[in-house]
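Here's a protein to get to know, one piece at a time. Take a look at the structure first, then we'll walk through what's going on inside.

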Amino acid sequence: MLNIRTLLFEDVAKAKKILKDLNIPETDPRYTKLRKLLEKNIGYLGAFVNFMFNDRVEYDELVALYQRMQTDKGLFAKLPKPFIQYNSYLELQDDLNKAEQEVKYQKAFKLFPKNVREVLTRDMTNELRDKIISLSDEFIGVYDRLASKENKTAEQQASDQEELSNFYAGFATLTNNNGTGAQIDGEGTAVS
C-alpha cells in the first residue's frame, strides 16, 4: 500500500521529469516560484508544473487556482477524479465548470417546494436542468432576500412573507399542486 510520503515523492519526481523532458533546469524562476507557492501542499507540484510548462498556464492563474483549492474544497471534492490525476488544465477547468453547475442546480432545486421537486424529478430533461442552472443565481438571490428578516421592519417582513407565499403559490399553480388545489405557505408546504 502506498503511503503519503511515497505519493508526495512521486509527484515531485513527476514535476522534475516534466522539467527534464522540456530541458528546463530546476533553478528556473518559474519552477522555484511554484515550489514556494506549493510548499505546504507539495503533492500538487507535478500537476501545477504540467499546467505551467505543458499547458502554458500563467503563474497568476495558477495562484488563483491554488487559492480557490484552499477556499472551495467542497467544489474540488466534487471533481470526478483526484486533482493530481488531471493531465490537462482544460480538462480540469471543464470538470470544475460542470461541478459548479451541479452545485448551483442542487442549491436551487432544494429551494423548490416538495411538490415541484417531485414534478421536476419525474419530468426532468436536460433542457429543463440547464434552465434551472441558468436561473439559479437569480432564484437563490430572490429567495434569500425574501426569506431574510435581517434589518427589516415587521411590516417589511410581512410583505416579504406574502411575496414569498405568492412565489410558492406560483409553483403550485404550475404543477397544479398534484391536483389538490391546496395553497402553499411561505415555507413551501401545502396548507388547507
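Below is a short tour, from the overall layout down to single residues.

Keep in mind that this is a predicted model. The protein has 9 helices and 2 strands, and if you read along the sequence you get the pattern α-α-α-α-α-α-α-α-α-β-β. Out of its 192 residues, 36% are buried.

**The big picture**

- The accessible surface adds up to about 12400 Å², and carbon and sulfur atoms own 51% of it.
- Take the contacts between residues at least 6 apart in sequence: 53% of them join residues that are at least 24 apart.

**The nonpolar cores**

- The largest nonpolar core has 32 residues, and the members that touch the most others are Phe51 and Leu65.
- Six helices chip in with at least two residues each: H1, H2, H3, H4, H5 (73–77) and H6 (89–111).
- Which helix gives the largest share of this core? That would be H3, with 7 residues.
- Phe51 has plenty of company: leaving out residues up to four places away in sequence, it touches Arg56, Val57, Leu62, Leu65, Phe83, Tyr86, Ser88, Tyr89 and Leu92.
- Another core of 14 residues lies apart from the largest one, and its members include Ala108, Leu120, Tyr143 and Leu164.

**Aromatic rings**

- Searching the whole structure turns up 8 aromatic pairs.
- One of these is Phe48 with Phe51, a tilted pair at 6.3 Å centre to centre, with 55 degrees between the planes.
- Those two sit about one helical turn from each other, because they are 3 residues apart in helix H3. Both Phe48 and Phe51 are buried.
- Phe76 and Phe83 pair up edge-to-face, at 6.5 Å centre to centre and 65 degrees between the planes. Here, too, Phe76 and Phe83 are both buried.
- Zoom out a bit and you'll find one aromatic cluster made of Tyr44, Phe48, Phe51, Tyr66, Phe76, Phe83 and Tyr89.

**Lysines over rings**

- Lys33 lies over the face of Tyr59, 4.2 Å from the ring centre.
- Lys81 does the job for Tyr86, lying over its face at 4.8 Å from the ring centre.

**Asn50 and its neighbours**

- Find Asn50 in helix H3, which covers residues 45–54.
- Is Asn50 buried or exposed? With a relative accessible area of 7%, it falls under the 20% cut-off, so Asn50 is buried.
- The side chain of Asn50 makes a polar contact of 2.7 Å with the side chain of Asn54.
- Not counting residues up to four places away in sequence, Asn50 touches Ile18, Asp55, Tyr86, Asn87 and Ser88.
- Asn87, one of those contacts, is found in the loop between H5 and H6.
- Why does Asn87 count as exposed? Its relative accessible area is 52%, and exposed means over 50%, so Asn87 makes the cut.
- Looking beyond residues up to four places away in sequence, Asn87 touches Lys14, Asn50 and Asp55.
- Asn87 and Asn54 are 33 residues apart along the chain, yet 9.3 Å separates their C-alpha atoms.

**Two loop residues with a positive phi**

- Asn23 isn't a glycine, but it has a positive phi of about 60 degrees.
- You'll spot Asn23 in the loop between helix H1 (4–21) and helix H2 (29–37). Asn23 is exposed, because its relative accessible area of 70% is over the 50% cut-off.
- Arg56 isn't a glycine either, and its phi is positive as well, at about 60 degrees.
- Arg56 belongs to the loop between H3 and helix H4 (59–71). With a relative accessible area of 68%, Arg56 is exposed.
- Arg56 also turns up among the residues that Phe51 touches.

How values were computed: Residues are numbered from 1 along each chain as its sequence is written. This is a predicted model: local features need pLDDT of at least 70, side-chain atom pairs count only at pLDDT 80 or more; totals for chains, interfaces and linings use all residues. Side-chain values use heavy atoms; hydrogens and water are left out. Helices (H or I, at least four residues) and strands (E, at least two) are DSSP runs, numbered from the N terminus. Buried means under 20% relative accessible area, exposed over 50%, partly exposed in between (1.4 Å probe, protein chains only). A polar contact is a pair of N or O atoms within 3.5 Å; within protein, one must be able to donate a hydrogen and the other to accept it, and residues adjacent in sequence count only if both atoms are side-chain atoms. Contact means heavy atoms within 4.5 Å. Rings of Phe, Tyr and Trp (its six-membered ring) pair if their centres lie within 6.5 Å; planes under 30 degrees apart count as stacked, over 60 as edge-to-face and the rest as tilted. A charge sits over a ring if NZ of Lys or CZ of Arg is within 6 Å of the ring centre and within 35 degrees of the ring normal. A nonpolar core is a set of buried Ala, Val, Leu, Ile, Met, Phe, Trp, Tyr and Cys residues joined through side-chain atoms within 4.5 Å. Accessible areas come from the Shrake-Rupley method with a 1.4 Å probe; for residues, only the protein chains shown count as cover.
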